[in-house]
Amino acid sequence: MSWFHTRSTENMDEIERRDDDALIALSQVVKRFKNAAGEYTVLKGIDLTIREREFVSIVGRSGSGKSTLLNMITGIDHPTSGMVRVDGAYLHQMDEGAMAVWRGKHMGIVFQFFQLLPMLTLLENVMLPMDFCDMYAPEEREKRALELLKMVDLQGLEHKYPPAVSGGQQQSAAVARALANDPPILIADEPTGNLDSRTAERVLEIFEEQVAAGKTVLMVTHDDGLARRAARKLVISDGEIIGSENGSRGKLHAAEAGRAA
Amino acid sequence: MRDVTKAYHTAAGDFYALKGINLTASRGELLGVIGKSGAGKTTLVNMITGVDRLTGGEVRVGGVSVHDLDENSLALWRGRNLGVIYQSFQLMPNLTLLDNVLLPMDFCGLYRGRASIERAYALLESVGLGEHVNKLPAAISGGQQQRVAIARALANDPPVLVADEPTGRLDSLTAEMIFSIFEELVRQGKTIVMVTHDRALAKRMSRVVELTDGQITGEWNRETA
């Protein structure tokens, strides 16, 4: 089965119908940026579906469009054209305020450089998303944050500040924060890009544990070895998905597999 | 800083990241700290901000002995008196630029309600981001994110800014823009301690100390350089 659709022969209705059970569905997503030198197309009509409980990795070189693609799925940026549906919601039809709350409840996002608030303890950082989205009773939030920090092996460091712990520990705390509101989807943009290989391995293990626990994980990386740990690896190049590989036992489909169908 | 030491306990024994630092910065000074990776620069920043505890010595900022404060008083004192800027920006990803700048005001209570929102707008305007206030950090460039981090650091109008490699992940043109904001802030009376390994930028600071293996091994004044 191909995960890709031929843009010229399928209409939106067919894609809609086929992707009904998809947790994340992108159809014909185009993103153009304008700068002084003219117009530049970063995403050239992306069709993509991701199902519940899938662990999907996206690999590609710097500038291939992978971060832009993630920004389309998280709603951080808007497509020039095309449709993005995540967990039943048409993301880009929401206004910014509604999207922020929706995102806070449905997605946890992990970044390469952690992006923890430096002047708050790890515990306070993990409690923040619950405070913002008003999830869980106020008296339960600390208990839940402590449990999440324990789950990512940070017991005993809860009251430390981010700059006083290692990069790997900061990233583990960022994963705990991403899970604060128990979102069904975890999205990670180069989560191991700034970590040594042993620490990177631990972060990957945590993602695998989350998939086993029912989460859907989407990870962008340029580390092919880590990407192969996912159930499905997508290759993006020059704004297009040019290949898909199933797990470490899978085989890279021919670049045109989807389009030739 | 007086006789400041910081030891980390490791399996191989105690490791001293700082070995007796004596350092002063005057009001309105732009003090640079240079040194190689591993020299103790970030540890030194952590001692000034109090996000990590020292092993020996004393750190005084604006007359307050930082490490004598308990955790709660320290957090409040820090929020009102220090603005801290990091290499990787560390903005809250799911909050707009405006909300990121509002956060320190919400925590410290110095500016509230409408006054805090107007102040956040004005700060973002002052770093050239007035048109982007409702964007999320991931939707803007690294240089723009660092400018938001500066606006956030200024939220409670602290007298002192501490910056740990603030231009380390920026191209030279963007680094220049960030540094010129620092120069302007010093003209306005702020005191800035900036860690960097960019020697060209360091030359433009009023005073620079060099850190090697946890000790100060050199000092230059711009006047004497």
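**Exercise 1. Determine the handedness with which helices α2(B) and α3(B) cross, and characterise their contact.**

*Solution.* Step 1. In this predicted model, α2(B) and α3(B) form a left-handed crossing.

Step 2. The geometry is considered next. Helix α2 of chain B covers residues 71-81 and helix α3 of chain B covers residues 97-108; they pack at an angle of about 130°, and their axes are 10 Å apart. The pair is therefore classed as oblique, because an angle that is neither under 35 degrees, nor over 145, nor between 65 and 115 falls into that class.

Step 3. The contributing residues are then listed. From α2(B) come L76(B), G79(B) and R80(B), while α3(B) supplies P104(B), F107(B) and C108(B). Sorted by class, this contact has four nonpolar residues, one polar and one charged.

**Exercise 2. Establish how the axes of α5(B) and α6(B) are oriented, and identify the residues through which these helices touch.**

*Solution.* Step 1. Helix α5 of chain B spans residues 142-153, and helix α6 of chain B spans residues 172-187. Their axes come within 10 Å and cross at roughly 15°.

Step 2. The two helices are therefore roughly parallel, since the class takes in angles under 35 degrees. The crossing of α5(B) past α6(B) is right-handed.

Step 3. On the side of α5(B) the contact involves G143(B), Q146(B) and I150(B); on the side of α6(B) it involves T174(B), M177(B), I178(B) and I181(B). These residues comprise four nonpolar and three polar ones, with no charged residue.

**Exercise 3. Reconstruct the strand order of the six-stranded sheet of chain A and describe the pairings of β9(A).**

*Solution.* Step 1. The inventory of chain A comes to nine helices and 10 strands. Six strands form an open sheet with the order β6-β7-β8-β3-β9-β10 and mixed pairing.

Step 2. The edges are β6 and β10 (240-246) of chain A, each of which pairs on one side only. Between neighbouring strands the average turn is 15°, with direction ignored.

Step 3. The pairing of β9(A) with β3(A) is parallel: four bridges join strand β3 (residues 55-59) to strand β9 (residues 232-237). Within this pairing, V56(A) has R232(A) as its bridge partner, and I58(A) stands opposite L234(A).

Step 4. The pairing of β9(A) with β10(A) is antiparallel and has six bridges. Here V235(A) is partnered by G243(A). The hairpin of these strands has two residues between them, and D238(A) adopts a positive phi near 50°.

**Exercise 4. State which strands of chain A are covered by helices α6(A) and α7(A), and at what angles these helices run.**

*Solution.* Step 1. Helix α6 of chain A, residues 167-178, lies across β6 and β7 (185-189), and runs at about 165° to β6(A).

Step 2. Helix α7 of chain A, residues 197-212, lies across β3, β7 and β8 (216-221), and runs at about 155° to β8(A).

Step 3. Both angles are over 145 degrees, so each helix counts as roughly antiparallel to the strand named with its angle.

**Exercise 5. Decide whether L154(A) is buried or exposed, and locate its surroundings.**

*Solution.* Step 1. L154(A) belongs to the loop between α5 (138-151) and α6 of chain A.

Step 2. Within 10 Å there are 22 other C-beta atoms, so L154(A) is buried; the cut-off for this class is 20 or more. For context, 48% of the 261 residues of chain A count as buried.

Step 3. Apart from neighbours within four places in sequence, L154(A) is in contact with L122(A), L149(A), Q169(A), S172(A) and A173(A). By comparison, H92(A) is 62 residues from L154(A) along the chain, and their C-alpha atoms are separated by 36 Å.

**Exercise 6. Describe the side of chain A that touches chain B.**

*Solution.* Step 1. The contact involves 18 residues of chain A and 17 residues of chain B.

Step 2. On the side of chain A, the elements giving two or more residues are α3 (96-106) and β6 (107-111). The largest share, four residues, is that of α3(A).

Step 3. By class, this side of chain A has 12 nonpolar, three polar and three charged residues.

Methods
Residues numbered from 1 in each chain as written. Chains lettered and ligands numbered in written order. Predicted model: local features only at pLDDT ≥ 70, side-chain atom pairs only at ≥ 80, totals over all residues. Axes fitted to C-alpha atoms, helices over the stretch in contact; angles between N-to-C directions. Left-handed = near helix turned anticlockwise from the far one by under 90°. Contact = placed C-beta atoms within 7 Å. Nonpolar A, V, L, I, M, F, W, Y, C, P; charged D, E, K, R; others polar. Pairing = 2+ DSSP bridges. Buried ≥ 20, exposed ≤ 12 C-beta atoms within 10 Å, placed from the backbone.
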